[in-house]
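Colleague: Got a minute to go through this one with me? Put it up and I'll ask as we go.
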Amino acid sequence: MSKRISSYSIERKKARWGWIFVAPTLIFFSVFSFYPIFNALYTSLFRKKLLSLKPPDFIGLDNYIYLLKSPDFWNSIRATVVFTLGTFLPLLIFSLIFAIFIMSRKRFQNFFQIAYYSPAVLSSVVAAVIWLLIFDPRGLGNQWLNLIMNTPGIDHKWLANSVMVQMSTMLVYFWKYVGYFTIIFIVGLASIPQSIYEAAKIDGANNWKNFWYITLPLLKPTTILVSIISMLQCLRTFSTQYLFTQGGAPLAPINVITLNIYYTAIRDHRIGRASAMSIILFIIMMLFTWVQFKSSRADEISY
Amino acid sequence: MKKLFTIFIFVLLLSMTVNSVTAMEITFWTHEDPNRTEIEDRYIAEFEQANPGVTIKRVTNASGKIIELILTAFAANQGPDIFNMSIEDEYAYIVNERLAPVDFEAAGYPSLQAVYDAYIPGVLDPVTYKGQLYGLPLELTNWCIFINKKVFKDAGLDPEKDYPKTWEEMVEVSDKLCIREGEILNRRGFDFRYPYYLVAMVPMVEQLGGQLISDDGKTAIVNDEAWLKFLKFMQEWGPSGRNLGSPTYTNARKLFNMDNNDIGMCHTGLYQIGRINADNPAFYDSKEWMIVPFPVFEDAVKDVPAAYYGHYYMVNGQKPKENQQMAWKFIAYMLSHSEEYLTKVNIVQPTVELMSSETYKSMPYSDVFTNDMAKGHIVYYGENSAKIQSHIREAVESVMLAGVSPEDALKTLRRKVQEVLDEG
Amino acid sequence: MSHVLQRKKNKINRQYLIIDIFIWAFLILVVLFILAPTIFMFTASLMPANDILKMPYRWIPKGFYWQNYWQGIRGNDGSFIYIRNIFNSLIVASAVAATTVIFSALAGFGLAKYYFKGRTLVFMLIMATMMIPFEAIMIPLYLVTTKLGIQDSYAGLIAPFLVNAFGVFLMRQFFITFPDEILDAARIDGASELMIFRTIILPNSIPVVATLAILTFKAQWDNLLWPLLVVQSEEMKTIPLYIVKFMAEKHTDEGAMMAVAAMASIPILIVFFKLSKYFLGGAALYSSRKG
């Protein structure tokens, strides 16, 4: 009898401590994350202009209806989706390939990891400034591509042509983050115990079979982690597109949702509509994440 | 010990209250311009000496950034005391009643009418709203064409005779001045002042008989033919046409001063002269540059030069009355130095006194600017001018860079600008 | 070994050699592609602006054009404010790294090792904040900041980033694998929960803590949007704001621009190289966990 009571009170005590440890973080999120998003949700129901001193008009879901009918907003969705898929798929595939290649080398592993990761260390503003010069018609971009394709003097219009400018933003993002995800995959690969491979060898498996039937499935949690993080990052991209448009690139092809939100609020002063866009982006992000989780239920992996 | 402590606290509190009574801080946000910063810092020092207890904090930002900064500050009701932007960006603040009207007494005028009389007729109209005056001009600027004579001579042309007078000539002359490596331009002739479509490009449409907005302010895009001709012209100019320039190259006016044989002409204002002198005195002294008027289309129906725009000093209406008064007093003090603004910064304050002065008349090429300004009109300003400008930008970019047909681009432009007008 | 087997072995060895060479070539080409822009930045920063956009690009500068760095530090208005801006970035990034590590560790520990009602819900809520795009909340955040009166100050730059969901996630993942026996043993010995956290958990989490600290520091160093909103004076600007301002000013030349970019990158590259051993994958990380 007394034993049960004492273990119960230990549980209670531990539970309380759990709350104490979590509390500061929860309070912070309430003030700086939950309150603002609810505020944004509230604002999105009004017609509010940033400079106006008059109280805003309540218009319910009109902002949302306008956005869903607006070709400009659908262009932003298109730009964001194209950018996300065009970036995160190559990121996923190549970082896995790089990780495998690096791990197969006996030397220079650290060198490659550091080298591949180094662009992620630079700030996005620095990256944008460097690539703006590379993509200048007279810059390295044209020089190298012309060298490889043997087409001297051709301007590939990295920042001018609508298709090229989208690819340029994807290239910059890929360059910046492929090393980061390579390292994550390397950690994932390293956590697969050698014993499994040894057992498979005894059973007569070769490298290709190893990869397909052992490595890939065991990498699933890492792959999901990489997908979700890289995708969320892509959906939130801002600096590269912002700085490219400031540097002269056309807005329409790369007017991703975040950039549209920024301009709608800051240039057009329409804070109600910008808030509605933010809520829609939030919903899109939650949707993508949920889909990813659903399509692959593995969370813990046991060997 | 305790007594000492309480006395100390008392003195501290007293000193704090005394300070807050006599100390007034006026925050002054403006855009960067090293020549103007120099003289205005001096005016600040002189004013602070003549008005003890007042400190003026001057902050500069790049002209693009300052629009956002002032907006976010005002949105939080924390705007600066004094600020200036181009009128098409400032107008929204007037309409939303964020500003303090000009305190003519503090500014040293006997009456409001005296203020109007001191300035050229019409220049204070953009800042007059519901019978009140809300700003005093820091500058009224228009842009003309600057020419690098060396580049002309290098291409075998005579700048005095062969400079372009029509847009068609501009195309041919630029083409002769271009040095290309394949498709890549190493030297351009002329290139447009790209982000500023309302100032630099709408007048081109007006030359052909078109209008951005109908006279009654209700309809967007008047005279399709004029607009189509303009859009076709820009398409021809860009990479898919004659390949004479594009928004993705470095801005022409940034390159002009350096005299690096990479640009022949640029489109900018009187203030550029002072900047050439500051950035590259050798180039300035060599006099290998000249200024010519804004070109006109061959079959133009109207002779319209580039629009002029103005920066007006304005005062935050949410600050206490004393701050507003002091702010207007300081603004008037600065603006009383019109001649120095002209000679040191090369910006023109459109006072009757200055425009008729010898100093102004004897500035090199001032006649080119004056003649063009007399023919021109002020840039379109309205509560939503920024958005309209971005739509024009999109239209031009889509025909130049994205291969959209001028007809489609015009349709989109009309729809979007009309929407802005209808929404209000 | 018989002839047939020997030849087959040679053939397989040759195939392996070809694959080997291919992999090396691939990795090295990729390294060149990845390092090229950074090298470009450094070499361009040592050239006068005219040379940077000349075709073809001369990778080796003719001399050390120090004027670019001077112009970059000096600023177009000669105020040397860049030094103060670098200092600001250092303070803000360090402060945010410190608070993030502490709060994330506390919350991650609480979520990993303590069972309380609603634990899963709390974890889900915290993860959901990762999906809130910053642009969605930037205006309300700005209004909160001005109401607290902390705009244009260090507090205002640091406050929205005191802790983030990714940090909590990382810490929780790590603590889940932390053996319970050690904690229970400490409890039997009479240690309080806080003491356990301080003396057992933290010292044994150095790799994760270091990783989180570096990642957070770097994210803050890089932050453009929030300082763009909340900083109003020259003195409080952070490095990204200085770069954007420098880029937009009418007098800027590309050489000085690259010098400014290089100066912004050197500190963070040094920090990263020195601490890289903490988050490199492969043998390095795994051996430290096993041991």
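Modeller: What follows is a quick run through chains B and C, then some cysteines and a tryptophan.

Modeller: Ground rules: this is a predicted model, where local features need pLDDT of at least 70, side-chain atom pairs count only at pLDDT 80 or more, and totals for chains, interfaces and linings use all residues. Residues are numbered from 1 along each chain as its sequence is written, chains are lettered from A and ligands numbered from 1 in the order written, and side-chain values use heavy atoms, with hydrogens and water left out.

Colleague: How many helices and strands in chain B?

Modeller: Chain B has 21 helices and 14 strands. These are DSSP runs: H or I of at least four residues for helices, E of at least two for strands, numbered from the N terminus.

Colleague: And what is the radius of gyration of chain B?

Modeller: It is 24 Å for chain B, which agrees with the value near 22 Å for a compact globule of 424 residues. The radius is taken over C-alpha atoms, and the rule is 2.2 Å times the number of residues to the power 0.38.

Colleague: What about chain C, then?

Modeller: Chain C has 15 helices and zero strands. Its radius of gyration is 25 Å, well over the 19 Å that the rule gives for 291 residues, so chain C is more spread out than a compact globule. The C-alpha box of chain C is roughly 85 × 70 × 35 Å along the principal axes.

Colleague: How much of each chain is buried?

Modeller: In chain B, 58% of the 424 residues. In chain C, 56% of the 291 residues. Buried means under 20% relative accessible area, exposed over 50%, partly exposed in between, with a 1.4 Å probe and protein chains only.

Colleague: Switching topic. How many disulfides?

Modeller: Zero, over all chains. The cut-off is a pair of cysteine sulfur atoms within 2.5 Å.

Colleague: Why is Cys144(B) without a bond?

Modeller: The closest cysteine sulfur, in Cys266(B), is 11 Å from the sulfur of Cys144(B), too far for a bond. Cys144(B) is also buried, at 0% relative accessible area. Over in chain A, Cys234(A) is buried at 0% too.

Colleague: Last one. Where is Trp24(C), and what does it touch?

Modeller: Trp24(C) sits in helix α1 of chain C, residues 3-44. Trp24(C) is partly exposed, at 23% relative accessible area. Leaving aside neighbours within four places in sequence, Trp24(C) is in contact (heavy atoms within 4.5 Å) with Arg105(A), Arg107(A), Phe108(A) and Phe112(A).
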